[in-house]
Amino acid sequence: MNRVTRFNYIMGNSPSACPFTLYEQIANQCKFLLEEVQETMEAASRGDIVEIVDGVADCEFVFDYIKTMVQSLGVQQDNAFKAVCDNNDLKYTECYEEALQWKKQKEAQGIECYVSSVVYEGVDYFMIRRKEDGKGLKFDNFPKVDLTPYIPENLL
């Protein structure tokens, strides 16, 4: 048992054996996480590094327990996370022409975007970003990640 789990057990917040009660517990933890994220964002806007570090640590603390709660249901959360990372890797390409095609798709939908590039470990990578805020965009027909293999059947 890690320190975060120990703390929550001592505080009387052990994961419920009833999934619906556990979902409520998870929702409550998510509220706490949102509060910590908000505080961290405010600290960042002030340039307060001490509060930023505190906020990030608090976010990690709360998130760690949310993960523990999800895993208590028998969910293979680490494998689900890997699948999400693998899916996110599809949002960029080493082929500039492919990124241009993605850009054309979005522009045809009226979305102003651009192709961004970065060199990471000696390799050029390209992705499309929305002009208004720089958000990375998915190309058309982007595959949805299937997380069902990591969730016990009785929960699906």
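Here is a walk through this structure, from its cores and helices to its cysteines and loops.

What you are looking at is a predicted model, in which local features need pLDDT of at least 70, side-chain atom pairs count only at pLDDT 80 or more, and totals for chains, interfaces and linings use all residues. Residues are numbered from 1 along each chain as its sequence is written, and side-chain values use heavy atoms, with hydrogens and water left out.

A few words on vocabulary help before we set off. Helices (H or I, at least four residues) and strands (E, at least two) are DSSP runs, numbered from the N terminus. A residue is called buried under 20% relative accessible area, exposed over 50%, and partly exposed in between, using a 1.4 Å probe and protein chains only.

Let's begin inside. In soluble globular proteins, nonpolar side chains tend to be buried together. A nonpolar core here is a set of buried Ala, Val, Leu, Ile, Met, Phe, Trp, Tyr and Cys residues joined through side-chain atoms within 4.5 Å. The largest one has twelve residues: Val4, Leu22, Ile26, Leu33, Cys59, Val62, Tyr65, Ile66, Met69, Val70, Leu73 and Val75. Two elements, α2 (19–46) and α3 (49–71), give two or more residues each to this core. The biggest share comes from α3, with six residues. There is also a second, separate core of six residues, including Cys113, Ile128, Leu137 and Phe142.

Now pick out Val4, a member of the largest core. Contact means heavy atoms within 4.5 Å, and, leaving aside neighbours within four places in sequence, Val4 is in contact with Phe61, Asp64 and Tyr65. Asn8 sits in helix α1 (residues 3–10) and counts as buried, at 6% relative accessibility. Its side chain reaches back to the backbone oxygen of Val4 at 3.0 Å, a polar contact (a pair of N or O atoms within 3.5 Å; within protein, one must be able to donate a hydrogen and the other to accept it, and residues adjacent in sequence count only if both atoms are side-chain atoms). Not counting residues up to four places away in sequence, Asn8 touches Asn13, Ser14, Gln29, Phe61 and Tyr65.

Tyr65 turns up again when you follow the chain into the loop between α1 and α2, where Pro15 is found. Pro15 is buried, with 16% relative accessibility. Pro15 and Tyr65 are 50 residues apart in sequence, yet their C-alpha atoms are 9.4 Å apart in space. Beyond residues up to four places away in sequence, Pro15 touches Tyr9, Leu22, Gln25, Tyr65, Met69 and Ser72.

Moving along helix α2, stop at Thr40. Thr40 is buried at 13% relative accessibility, and its side chain reaches the backbone oxygen of Glu36 at 2.8 Å. With neighbours within four places in sequence set aside, Thr40 is in contact with Ile52, Gly55, Val56 and Cys59. Ala43 has its place in α2 too, and at 0% relative accessibility it counts as buried. Leaving aside neighbours within four places in sequence, Ala43 is in contact with Asp48, Glu51 and Ile52. The C-alpha atoms of Ala43 and Gly55 are separated by 8.1 Å, with their positions twelve residues apart along the chain.

Which residues of α4 are buried? They are Ala80, Ala83 and Asn87. These residues lie on the same side of α4 because they cover an arc of only 60 degrees around the axis, where the arc is that of the directions from the helix axis to the C-beta atoms. An α-helix has 3.6 residues a turn, so residues three or four places apart point the same way.

What about the cysteines? A disulfide is a pair of cysteine sulfur atoms within 2.5 Å, and by this rule the count comes to zero. The sulfur of Cys95 is 16 Å from the closest cysteine sulfur, in Cys113, so the two are too far apart for a bond. Cys95 is partly exposed, at 31%, while Cys113 is buried, at 1% relative accessibility.

Finally, two residues have a positive phi without being glycine. Glu121, in the loop between β1 (113–120) and β2 (123–130), has a phi near 50 degrees and is exposed, with a relative accessible area of 68%. Asn141, in the segment after β2, has a phi of about 60 degrees and counts as exposed at 77% relative accessibility.
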